[in-house]
Amino acid sequence: PNCVNAWLVRLQPGADASLDDTATRAAHLQQLWAFAQRLPSSFNSLKAHVLHAWLRHDLAQGAPDKQRFLAYLRLPRRTGHVAEKHLQNFGRGDEYVDLARTWPTGLAAVAPDDSDLVQSCLEHFFATEDNQEAYAEWLDADWLKAVLAETKLLLGQGDAERWYSLLADPARVEALKQRVEIAFPPTMPTHFAANDAVSLTVDTKNVGTLLVKVYAIDAF
């Protein structure tokens with residue numbers, strides 16, 4: 001572990017580079033994964049740390065990588081949406097991913113529950129796929145079916161009755177219809193330079209009127 005941490009420190013970008021820059025972050029993630037993927041399964045937490053950050057990066061660019069996503073799903077994680085049968089393939093405790101563990105990579109720590117990330121990636125792929133079998137080996141069947149059904153219903157794709165049957169809960173269907181959502185998409189920039197023109201993109205559901213208040217900050 002000390003050797004790995006030393007390597008990770010040396011792989012960090014120089015002081016004149018920023019991980020807020022898309023190209024710098026992409027190059028750093030590439031270097032980290034080239035190193036991490038060669039390590040034994042006792043470093044699965046590091047692999048998940050890197051892949052989680054890379055998938056976040058992918059989502060910000062609008063296109064998560066399918067093979068990268070599948071590599072992440074294969075890592076054993078004790079979260080509610082992971083298939084119990086998949087976890088039975090791993091006998092040693094040090095093989096299980098600790099999502100909250102920190103590493104000297106310069107990347108942000110991962111939250112203990114990665115459900116939001118996994119669901120966001122699935123929603124992207126389900127926009128063009130109508131079957132969950134490609135992910136069934138690693139994810140809980142009921143949770144996976146619900147994500148597929150909700151994604152298709154919200155997009156208005158395919159036979160609505162088929163998706164209702166996957167949810168198998170009239171109350172859940174009604175709650176989905178009535179749900180109010182206001183959210184920034186993953187592709188929304190999080191940093192702007194002082195002279196950049198700023199525009200905001202917002203995803204909404206059941207929002208008839210949206211009031212946006214703009215404040216001028218007296219920085220001095």
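Lys66 is partly exposed in this predicted model, with 27% relative accessible area. Its side chain meets that of Glu129 in a salt bridge, with 3.1 Å from N to O. The two residues come from distant parts of the chain, 63 residues apart: Lys66 belongs to helix 4 (residues 66–74), while Glu129 sits in the loop that runs between helix 6 (115–126) and helix 7 (141–155). Across the whole structure, the search turns up 9 salt bridges.

Another of these pairs brings Arg92 together with Glu95, and here the closest N and O atoms are 3.9 Å apart. That value just makes it, because the cut-off for a salt bridge is 4 Å. As for solvent exposure, Glu95 is buried, at 12% relative accessible area, whereas Arg92 is partly exposed at 42%. Glu95 counts as buried because its 12% falls under the 20% limit.

Then there is Arg179, which pairs with Glu150 through closest N and O atoms 3.8 Å apart. Arg179 lies in the loop between helix 9 (170–178) and strand 1 (181–183), and Glu150 in helix 7, so this salt bridge ties together parts of the chain that are 29 residues apart in sequence. Arg179 is partly exposed, with a relative accessibility of 29%, but Glu150 is buried, with a relative accessible area of 12%. The pair doesn't stand alone, either: Glu150, Arg172, Arg179 and Glu181 are joined into one network by salt bridges that share partners.

Terms used:
Residues numbered from 1 in each chain as written. Predicted model: local features only at pLDDT ≥ 70, side-chain atom pairs only at ≥ 80, totals over all residues. Heavy atoms only, no water. Helix = DSSP H or I, 4+ residues; strand = E, 2+ residues; numbered from the N terminus. Buried < 20%, exposed > 50% of the residue type's maximum accessible area, 1.4 Å probe, protein only.
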